[in-house]
Amino acid sequence: MKNIVILISGRGSNMQAIVEAAIPGAHIAAVIANRPDAAGLAWAAERGIATVALDHKQYASREAFDTELAARIDSFQPDLVVLAGFMRILTPAFTQHYAGRMFNIHPSLLPAFPGLHTHQRAIDAGCKLAGCTVHFVTAELDHGPIVFQAAVPVLDDDTETSLAQRVLAEEHRLYPAAVQAFVEGRLEVDGLRVRHLG
Ligand code: GRF
């Protein structure tokens, strides 16, 4: 069994998709949020999953928060840490500690549009395709070896909200598939490229 620790900041719909996928060989060891009121925490707790709320506002520095966060994560002996709408910039020490064993999902076709407001930026740039990316986390924000991407069309009458909905449906499909590939040991990282074995 591989232990998975999922980090969220809000509603946690990607976390729910991963839990509901019931991936063989994957044990969701804990869901941790940096906001005590994150809706996803209650959802996980109702299903008997261990939950931790670690309020980043209670920490004097980013380093102090990340040190405590890593200690809490490591208490669950994770094989994989999954960032699922975890809205925090992470320190280099933190990302280094989880190198090769931490995923993020980003709502754009990276390397286009790292950062926030990805859907509006894709619309404003006149993109005909938008999408989402699951990648290994490195010290650079929204950067790192790409595991999976999915594309959706940008329609003429799209708003930020309608495009976000279309992309989110793909996120919910893509993230469990990426976690499953990791759990099955099918990912081989070579620089920024990820090969899918077997
Ligand atoms: C998703 O679009 C994710 O890609 C982004 O934040 C959103 C989180 O949604 N970074 P949820 O909390 O998983 O519902």
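These are short exchanges on the ligand site and backbone of a predicted model.

Me: What makes Arg11 a polar contact of the ligand?
Reply: A polar side-chain atom of Arg11 lies 2.5 Å from an oxygen atom of the ligand. The cut-off for a pair of N or O atoms is 3.5 Å. The value falls within 3.5 Å, so the pair counts as a polar contact.

Me: How do you know that Asn14 and Glu171 make polar contacts too?
Reply: For Asn14, a polar backbone atom is 2.9 Å from an oxygen atom of the ligand. For Glu171, an N or O atom in the side chain is 2.7 Å from an oxygen atom of the ligand. Both values are within 3.5 Å, so both pairs qualify. As for cover, the ligand taken alone exposes 370 Å², and the protein buries 84% of that.

Me: Which residues surround the ligand?
Reply: Arg11, Gly12, Ser13, Asn14, Gly85, Ile105, Pro107 and Glu171 do. Each has a heavy atom within 4 Å of the ligand, so each counts as near.

Me: What makes four residues of this shell polar?
Reply: The shell divides into two nonpolar, four polar and two charged residues. Gly counts as polar here, so Gly12 and Gly85 join Ser13 and Asn14 in that group. Arg11 and Glu171 are charged, while Ile105 and Pro107 are nonpolar.

Me: Why is the ligand said to sit in the largest pocket?
Reply: The test is that more than half of its atoms lie within 2 Å of the pocket's grid points. The ligand meets that test for the largest pocket, so it sits there.

Me: Which "binding site" residues does UniProt list, and where are they?
Reply: The unreviewed UniProt entry lists Arg62, Met87, Arg88, Ile89, Leu90 and Asn104. The lining of the largest pocket includes these residues. Met87 lies in the loop between β4 (80-83) and α4 (92-97). The unreviewed entry also lists Gly12, Ser13 and Asn14 for "binding site". These residues are in the lining of the largest pocket as well. Ser13 is placed in helix α1 (residues 13-20).

Me: Why is the bond between Leu110 and Pro111 worth a look?
Reply: Most peptide bonds are trans, so a cis one stands out. The bond joining Leu110 and Pro111 is cis, with omega about 10°. Pro111 is in the loop between β5 (102-106) and α5 (118-124).

Me: What makes the phi of His117 stand out?
Reply: Most residues other than glycine have a negative phi. His117 is not a glycine, yet its phi is positive, about 55°. His117 also lies in the loop between β5 and α5.

Conventions: Residues numbered from 1 in each chain as written. Predicted model: local features only at pLDDT ≥ 70, side-chain atom pairs only at ≥ 80, totals over all residues. Heavy atoms only, no water. Polar contact = N/O pair within 3.5 Å; in protein donor to acceptor, adjacent residues only side chain to side chain. Areas by Shrake-Rupley, 256 points an atom, 1.4 Å probe, with all protein chains shown as cover. 1 Å grid on protein atoms, 1.4 Å probe; cavity = no way out; pocket = protein on both sides within 12 Å on 5 of 7 lines; lining within 4 Å. UniProt positions renumbered as here; feature names shortened; annotations may be inferred. Helix = DSSP H or I, 4+ residues; strand = E, 2+ residues; numbered from the N terminus.
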